[in-house]
Amino acid sequence: MSAITWEVFASRGFETAWPELGEAVLRARGRAFGTDPEPYWVTYELDTATAS
């Protein structure tokens with residue numbers, strides 16, 4: 001799984017996501033951090049599937 005990282009200028013931070021594309025499914029996990037207005041750290045997970 002390849003990571004994608006980008007700069008978030010508004011919070012003076014960065015975000016990294018690890019996407020996984022499967023058969024009719026998208027999954028991703030990620031982390032973001034910033035320093036403006038105060039230091040923060042966020043982690044997340046996303047799971048999708050086709051509608052039945």
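These notebook entries record what I looked up in the structure, strand by strand and then on the surface.

**Entry 1. Model.** I worked from a predicted model. I kept this in mind for each entry below.

**Entry 2. Sheet.** I began with the overall strand arrangement. I found an open sheet of 4 strands in the order β1-β2-β3-β4, with antiparallel pairing. I noted β1 and β4 (40-49) as the edge strands, since each pairs on one side only. I then looked up the angle between neighbouring strands of this sheet: they are turned by 15 degrees against each other on average, direction ignored. As background, I recorded that the strands of a sheet pair through backbone hydrogen bonds, either parallel or antiparallel.

**Entry 3. β1 with β2.** I followed strand β1, residues 4-8, to its antiparallel partner β2, residues 13-22, and found 5 bridges joining the two. To fix the register, I asked which residue of β2 is the bridge partner of W6. The partner is E15. The two strands form a hairpin with 4 residues between them. Within that turn, I noted that R12 has a positive phi of about 50 degrees.

**Entry 4. β2 with β3.** I next took the pairing of β2 with strand β3, residues 25-34, which is antiparallel and extends over 9 bridges. For the register here, I recorded that W18 has R29 as its bridge partner in β3. This pair also forms a hairpin, with 2 residues between the strands. I noted a positive phi of about 65 degrees for A24 in the turn.

**Entry 5. β3 with β4.** I completed the sheet with β3 and β4, which run antiparallel and are joined by 10 bridges. I looked up V25 as a reference point, and its bridge partner in β4 is A49.

**Entry 6. Nonpolar surface patch.** I then turned to the surface. Which residues form the nonpolar patch there? I listed I4, W6, Y40, V42 and Y44, which together have about 420 Å² of accessible area. By strand, I found that β1 and β4 each supply at least two residues of the patch. The strand that gives the most is β4, with 3 residues. I recalled that β1 and β4 are the edge strands of the sheet.

**Entry 7. I4.** I examined one member of the patch individually. I4 lies in strand β1. Is I4 buried, partly exposed or exposed? I recorded I4 as partly exposed, because its relative accessible area is 45%, which falls between the cut-offs of 20% for buried and 50% for exposed. The value for I4 is also over the 30% that patch membership requires.

Conventions: Residues are numbered from 1 along each chain as its sequence is written. This is a predicted model: local features need pLDDT of at least 70, side-chain atom pairs count only at pLDDT 80 or more; totals for chains, interfaces and linings use all residues. Side-chain values use heavy atoms; hydrogens and water are left out. Two strands pair if DSSP finds at least two bridges between them. Axes are lines fitted to C-alpha atoms, for helices over the stretch in contact, and angles run from 0 to 180 degrees between N-to-C directions. Patches are made of residues with over 30% relative accessible area and no salt bridge: like charges are joined within 9 Å, nonpolar side chains (Val, Leu, Ile, Met, Phe, Trp, Tyr) within 5 Å. Accessible areas come from the Shrake-Rupley method with a 1.4 Å probe; for residues, only the protein chains shown count as cover. A salt bridge is a side-chain nitrogen of Lys or Arg within 4 Å of a carboxyl oxygen of Asp or Glu. Buried means under 20% relative accessible area, exposed over 50%, partly exposed in between (1.4 Å probe, protein chains only).
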